Amino acid sequence: MSETSQKSIFSMIVDREIPADIVFESDRIIAFRDIAPKAPVHLLVVPKTADYRNVTELAAADPALLAEVVATAQQLANEHTSGEYRLVFNTGESVGQTVFHVHAHVMGGGLTEGSLGLG
Ligand code: AMP
């Protein structure tokens with residue numbers, strides 16, 4: 001984390017400074033329910049480190065950790081829905097990223113192809 005940046009809301013969840021509905025935790029990853037779900041199942045899978053702002057940075061610096069994020073998404077989809085899931089990494093403000101601490105949205109249940117993007 002740079003000296004000027006604020007602690008992210010997800011780091012506060014990792015440090016138990018604010019509450020969350022946590023569904024998974026390991027040494028390097030935490031997952032919890034999105035506070036404003038956009039699908040019947042909507043979980044966030046978050047590397048605990050605040051070193052990476054988005055998936056591009058994570059993939060370049062620690063591909064093994066990105067692979068752990070994906071494996072966790074599959075495990076949670078198996079546990080919380082049919083095992084099929086949509087994985088979204090918003091990357092940049094103009095596409096809706098609001099928290100600049102890399103995270104995967106894991107969504108499932110009742111989604112259709114037409115629900116991707118607008119509409
Ligand atoms: P993004 O727009 O990709 O940066 O996603 C940030 C997500 O974090 C949004 O879907 C928010 O609803 C979610 N969110 C923000 N604050 C919290 C929180 N305290 N607990 C759970 N989810 C949160």
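1. Start at I30, which stands opposite V46 in strand β3. On another pairing, I30 of β2 has E25 opposite. Keep in mind as you look around that this is a predicted model.

2. Those two pairings belong to a run of antiparallel strands. β2 and β3 run antiparallel and are joined by 5 bridges. Strand β1, residues 22–25, also pairs with β2 in the antiparallel sense, over 3 bridges. The link from β1 to β2 is a hairpin through 3 residues. As for cover, β2 has 4 of its 5 residues buried, so "mostly covered" is a fair label for this strand.

3. Now for the packing. The largest nonpolar core has 17 residues, and I29, V45, L58 and L76 are the ones touching the most other members. Elements giving two or more residues to this core are β2 (29–33), β3, α2 (55–61), α3 (63–80) and β5 (104–108). Helix α3 supplies the largest share, 5 residues. If you want one residue to click on, try L58: leaving aside neighbours within four places in sequence, L58 is in contact with P47, Y52, P63, L65, L66 and V102.

4. There is also a second core, separate from that one, made of 8 residues; F10, V14, I30 and F32 are among them. Here I30 from point 1 turns up again, as a member of this second core, while I29 belongs to the largest one. It helps to recall that side chains in a regular strand alternate between the two faces of the sheet.

5. Which two residues have their rings 5.4 Å apart, centre to centre? They are F10 and F32, and the pair is edge-to-face because the planes sit at 65 degrees, past the cut-off of 60. The count of aromatic pairs comes to 1. F10 is in helix α1 (residues 9–14) and F32 in strand β2, 22 residues apart, so the pair links distant parts of the chain. Both F10 and F32 are buried.

6. Last stop, H42, which is in strand β3 (residues 41–47). Is H42 buried or exposed? Buried: the relative accessible area of H42 is 5%, and the cut-off for that label is under 20%. A polar atom of the H42 side chain lies 2.9 Å from the backbone nitrogen of K38. Beyond neighbours within four places in sequence, H42 is in contact with R33, D34, A36, P37, H105, V106 and M107.

Note on methods. Residues are numbered from 1 along each chain as its sequence is written. This is a predicted model: local features need pLDDT of at least 70, side-chain atom pairs count only at pLDDT 80 or more; totals for chains, interfaces and linings use all residues. Side-chain values use heavy atoms; hydrogens and water are left out. Buried means under 20% relative accessible area, exposed over 50%, partly exposed in between (1.4 Å probe, protein chains only). A polar contact is a pair of N or O atoms within 3.5 Å; within protein, one must be able to donate a hydrogen and the other to accept it, and residues adjacent in sequence count only if both atoms are side-chain atoms. Contact means heavy atoms within 4.5 Å. A nonpolar core is a set of buried Ala, Val, Leu, Ile, Met, Phe, Trp, Tyr and Cys residues joined through side-chain atoms within 4.5 Å. Rings of Phe, Tyr and Trp (its six-membered ring) pair if their centres lie within 6.5 Å; planes under 30 degrees apart count as stacked, over 60 as edge-to-face and the rest as tilted. Two strands pair if DSSP finds at least two bridges between them.
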